[in-house]
Each structure stands twice: as structure tokens, then as C-alpha cells.
Amino acid sequence: MKSLSEIVGIFMLGMLLKCLSDIIGAYPNMAQQMVLWISYVLLAISAALLAINRWAEWRHRRASGPEVHHED
């Protein structure tokens, strides 16, 4: 299971590449489309990892019993 900071890092990298695709000047068609698709793939991966992380957390909470507070 990925930690939330790793998922946010992948998301931010995807957003950075998406912004970069708007300002690329060299070989605009090929480079811009390549960076744009890579950013979409990274955004999709981060969304999938976040969904998997939330699903695993929900399953863990559901599988474990209610928390019992101990008095010290």
C-alpha cells in the first residue's frame, strides 16, 4: 500500500508535466502530446492508488472490532 505522500507526489508530477506540455516550444506536436499523455497516465495512476488506499483502509476498519479504550 502506498502512503498518501507518495500518491500526492505522483499527482503533483502529473500536474507539473501537464503544465509543462502547455509551454513546450521544441517539436510542439510530438513533445507536447507525449508529455500530455504521460501526465494523464500519472494522474490516473495517482487516482487509482488513492482509491486502492481508501478501499484498504475501509476494509481494515470494517474487519477490526471496535476500539476499546484502556484506562491507565
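**Two helices: an aromatic pair, a buried serine, a nonpolar patch**

Start with Trp37 and Tyr40: both sit in helix α2, residues 28-63, three residues apart, about one turn of the helix. Helices here are DSSP runs of H or I, at least four residues, numbered from the N terminus.

Quick ground rules. This is a predicted model, where local features need pLDDT of at least 70, side-chain atom pairs count only at pLDDT 80 or more, and totals for chains, interfaces and linings use all residues. Residues are numbered from 1 along each chain as its sequence is written, and side-chain values use heavy atoms, with hydrogens and water left out.

Back to the rings. The structure holds two aromatic pairs (ring centres within 6.5 Å, the six-membered ring for Trp). Trp37 and Tyr40 form an edge-to-face pair (planes over 60 degrees apart), 5.8 Å centre to centre, with 85° between the planes.

How exposed are they? Trp37 counts as exposed (over 50% relative accessible area, 1.4 Å probe, protein chains only) because its relative accessibility is 56%. Tyr40 has 37%, so Tyr40 is partly exposed (between 20% and 50%).

Next, Ser46, also placed in helix α2. Buried or exposed? Ser46 is buried (under 20%), because its relative accessible area is 4%. Leaving aside neighbours within four places in sequence, Ser46 is in contact (heavy atoms within 4.5 Å) with Ile7, Ile10 and Phe11.

Last, the surface. Leu4, Val8, Phe11, Met12, Met15 and Leu50 form a nonpolar patch (residues over 30% relative accessible area, no salt bridge, side chains joined within 5 Å). Together they have about 500 Å² of accessible area (Shrake-Rupley, 1.4 Å probe). Helix α1, residues 4-23, gives the largest share, five residues. Met12 is found in helix α1.

Note on methods: Phe/Tyr/Trp six-rings, centres within 6.5 Å; stacked < 30°, edge-to-face > 60°. Helix = DSSP H or I, 4+ residues; strand = E, 2+ residues; numbered from the N terminus. Patch = residues over 30% accessible without salt bridge, like charges linked within 9 Å, V, L, I, M, F, W, Y side chains within 5 Å. Salt bridge = Lys/Arg side-chain N within 4 Å of Asp/Glu carboxyl O.
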